[in-house]
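Biologist: I would like to go through this model with you. May we start with what counts as a cavity and then turn to the details?

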Amino acid sequence: MQRWTARIDPPWSLDAWRAAARIGLAAGVAPEQIDWLEGGDASLLDAPDLAGALPSHDPAAAPVLRVSKVFLELAATVLCHRDAQRLPLLYRILWRIGRGQRDVLSNPTDADVLRANALTQAVRRDSHKMKAFVRFREVPGEDDAFIAWFEPDHHIVDRVAPFFARRFAGMRWAILTPSRSVHWDGTALHFGGGAKRSDAPADDSREDLWRTYYASIFNPARLNERMMRQEMPVKYWKHLPEVSLLPTLVRDASTRVEEMHARQAQEPQRRIPQAPVPLPPTPAEAGSLETLRARAAACRQCPLWEPATQTVFGEGPAGARIMLVGEQPGDREDLSGRPFVGPAGQLLDQLLAEAGIERSALYLTNAVKHFRFQRRGKVRVHQRPDREHVQACRSWVAAEIEHVRPDVIVCLGATAASALLGSAFRFSQGRGQWHALHDGTRALVTVHPSWILRQGDGPAREAAYQVLLEDLRKVKDAPAP
Ligand code: URA
């Protein structure tokens, strides 16, 4: 039997695999005739290159391979697996499709399909773990540059890198792994060879922050070690700064639960900032909330009104006990004219329900009343408001506070906090604490629901969710002034 060699380089490349498979099919080379090689692997059999199987010896002459999108997606994922048998497996499936078994992929009991599905799942799981467990460390001596070390099971760096580019678009970062590295310079992704663990910084001050944060959100009453190990498998622990805390937190959990039962409910801590920042005066002749709303609809104090669909003013009863202040309306809010109706709003609704707070009893508003976005094709991508936009809207927020006179205000995220407490306010230091506005109104600063959504689907998201939930519970239980 004539044998041929097909080399796939890099070994996860769909293009490289497709080019080889196209030649094989065009030349009628059966699956058992091909020795598949990855990257720089040496050939044991010394068989000639598959391109020689074509009568013209010209790979470009092979007809273009037409396959379904489903097969292509499967192939792109399976190629990321490290199992060397994936290359002949994919070719065998393709060969069978080409020989009339067009529905082979819809047969979940077929041995080849079963194997391909298992490989797909393993790659997806590995990708998910990378998204959840990569931890960046600051590069000493460089501003805003971060490196993470990670050891994936499969060839997933190229596949997962765009996720980090979207998530950390404004940072310069690199992820190093033993066989591949990727670097984001703020504009483009650059891929390179493998690295050593010692090439990444060992620790940085952020890890203390992360540990403090983890220890503060760790709820001993909800400790479930089996779930914890399942969600955060032991092999990833070496990447995670918070893991060094686990033995102590787990050991002390039962004592802490007993203490929690024994402890009286605490008064919220009221921390008065040195110099509360006065809010601007309420616009003259403001009248009722409805009048304010109508006037804000015509606001032209900053340029954001122009591309936005409409002003999104606050909503809720004038005497609401609690006022929630977000950052700015998103795409859905801009279209509907109501605050917190998009994905962040839906998550907020879920959190409010869990914390036992009625949304209809709240006054919900935003620090900035127009949607700031950048157009990318058909999509309007959220852009953080600048200080000038926050400044321009402060008189509207001040007027809302004046009319609603809430007992407590919740600042969701850093933009709301700086609008109400001043631009010198340090979110990372003041989160979870009570502060006082210039008129003595208590304000709790907490995270924004969008931040939770940005944490992906893993344990980081659950941790972030708990942070906001705990803070909302503090608000619900805050005694009247
Ligand atoms: N994010 C906000 O801050 N406010 C909204 O209304 C929606 C999303």
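Modeller: On a 1 Å grid over the protein atoms alone, a cavity is a set of points where a 1.4 Å probe fits but cannot get out, and its lining residues have an atom within 4 Å of a point. Please keep in mind that this is a predicted model.

Biologist: How many cavities of 30 Å³ or more does the structure hold?

Modeller: There are 2 of them. The largest cavity encloses about 80 Å³, and the second largest has a volume of about 60 Å³.

Biologist: Which residues line the largest cavity?

Modeller: The lining is formed by Ala-296, Cys-299, Gln-301, Cys-302, Thr-311, Lys-369, His-370, His-389, Ala-392, Cys-393 and Trp-396. By class, 6 are nonpolar, 4 are polar and 1 is charged.

Biologist: Which helix gives the most to that lining?

Modeller: Helix H12, residues 387-404, does so with 4 residues.

Biologist: And what lines the second largest cavity?

Modeller: Its lining consists of Trp-12, Arg-82, Pro-152, His-154, His-155, Ile-156, Val-157, Asp-158, Thr-177, Ser-179 and Arg-180. That lining has 4 nonpolar, 4 polar and 3 charged residues.

Biologist: Let us stay with His-154. Where is His-154 placed, and is it buried or exposed?

Modeller: His-154 sits in the loop between strand E4 (145-149) and H5. It is buried, because its relative accessible area is 9% and the limit for buried is under 20%.

Biologist: Which residues does His-154 touch, beyond those up to four places away in sequence?

Modeller: They are Cys-80, His-81, Arg-82, Ala-122, Val-123 and Asp-126. In the case of Arg-82, the backbone nitrogen lies 3.2 Å from a polar atom of the His-154 side chain.

Biologist: Which residues of helix H5 are buried?

Modeller: In H5, residues 157-167, the buried residues are Val-157, Val-160, Ala-161, Phe-163, Phe-164 and Ala-165. Val-157 is also one of the residues lining the second largest cavity.

Biologist: What covers the buried residues of H5?

Modeller: The cover includes helix H4 (111-133) together with strands E5 (172-176), E6 (181-184) and E7 (189-192).

Biologist: Now the ligand. Which residues are around it?

Modeller: Gly-326, Glu-327, Gln-328, Pro-329, Gly-330, Glu-333, Pro-339, Phe-340, Asn-366 and His-448 surround the ligand.

Biologist: What polar atoms does Glu-327 or Gln-328 place by the ligand?

Modeller: Both use the backbone. A polar backbone atom of Glu-327 is 2.7 Å from an oxygen atom of the ligand, and one of Gln-328 is 3.0 Å from a nitrogen atom of the ligand. Asn-366 has a polar side-chain atom 2.7 Å from a nitrogen atom of the ligand.

Biologist: Phe-340 was in that list. What is its phi?

Modeller: Phi of Phe-340 is near 50°, a positive value in a residue other than glycine. Most residues other than glycine have a negative phi. Phe-340 lies in the loop between helix H10 (331-336) and helix H11 (343-355).

Biologist: Is Phe-340 buried or exposed? And what about Arg-405?

Modeller: Phe-340 has a relative accessibility of 6%, so it counts as buried. Arg-405 is exposed, with a relative accessible area of 58%. Arg-405 also has a positive phi, of about 45°, although it is not a glycine, and its place is the loop between H12 and strand E12 (408-412).

Biologist: Where is the cis peptide bond that involves Pro-10?

Modeller: It joins Asp-9 and Pro-10, with omega about -5°. Pro-10 belongs to the loop between strand E1 (4-8) and helix H1 (14-26).

Biologist: One more residue: which contacts does Tyr-91 make, leaving aside neighbours within four places in sequence?

Modeller: Tyr-91 is found in helix H3 (residues 86-98) and is in contact with Trp-17, Ala-21, Gly-24, Leu-25, Val-29, Ala-30, Pro-31, Ile-34 and Trp-36. Tyr-91 has 0% relative accessibility and therefore counts as buried. Its C-alpha atom is separated by 9.7 Å from that of Arg-22, 69 residues apart along the chain.

Biologist: Finally, how many helices and strands does the chain have?

Modeller: It has 16 helices and 14 strands. Buried residues make up 49% of its 481 residues.

Note on methods: Residues are numbered from 1 along each chain as its sequence is written. This is a predicted model: local features need pLDDT of at least 70, side-chain atom pairs count only at pLDDT 80 or more; totals for chains, interfaces and linings use all residues. Side-chain values use heavy atoms; hydrogens and water are left out. On a 1 Å grid over the protein atoms alone, a cavity is a set of points where a 1.4 Å probe fits but cannot get out, and a pocket is an open set with protein on both sides within 12 Å along at least five of seven lines; lining residues have an atom within 4 Å of a point. Grid points are joined across faces, edges and corners, and a volume is the space filled by probe spheres set on the points. Helices (H or I, at least four residues) and strands (E, at least two) are DSSP runs, numbered from the N terminus. Ala, Val, Leu, Ile, Met, Phe, Trp, Tyr, Cys and Pro count as nonpolar, Asp, Glu, Lys and Arg as charged, and the others, Gly among them, as polar. Buried means under 20% relative accessible area, exposed over 50%, partly exposed in between (1.4 Å probe, protein chains only). Contact means heavy atoms within 4.5 Å. A residue is near a molecule or strand if one of its heavy atoms lies within 4 Å of it. A polar contact is a pair of N or O atoms within 3.5 Å; within protein, one must be able to donate a hydrogen and the other to accept it, and residues adjacent in sequence count only if both atoms are side-chain atoms.
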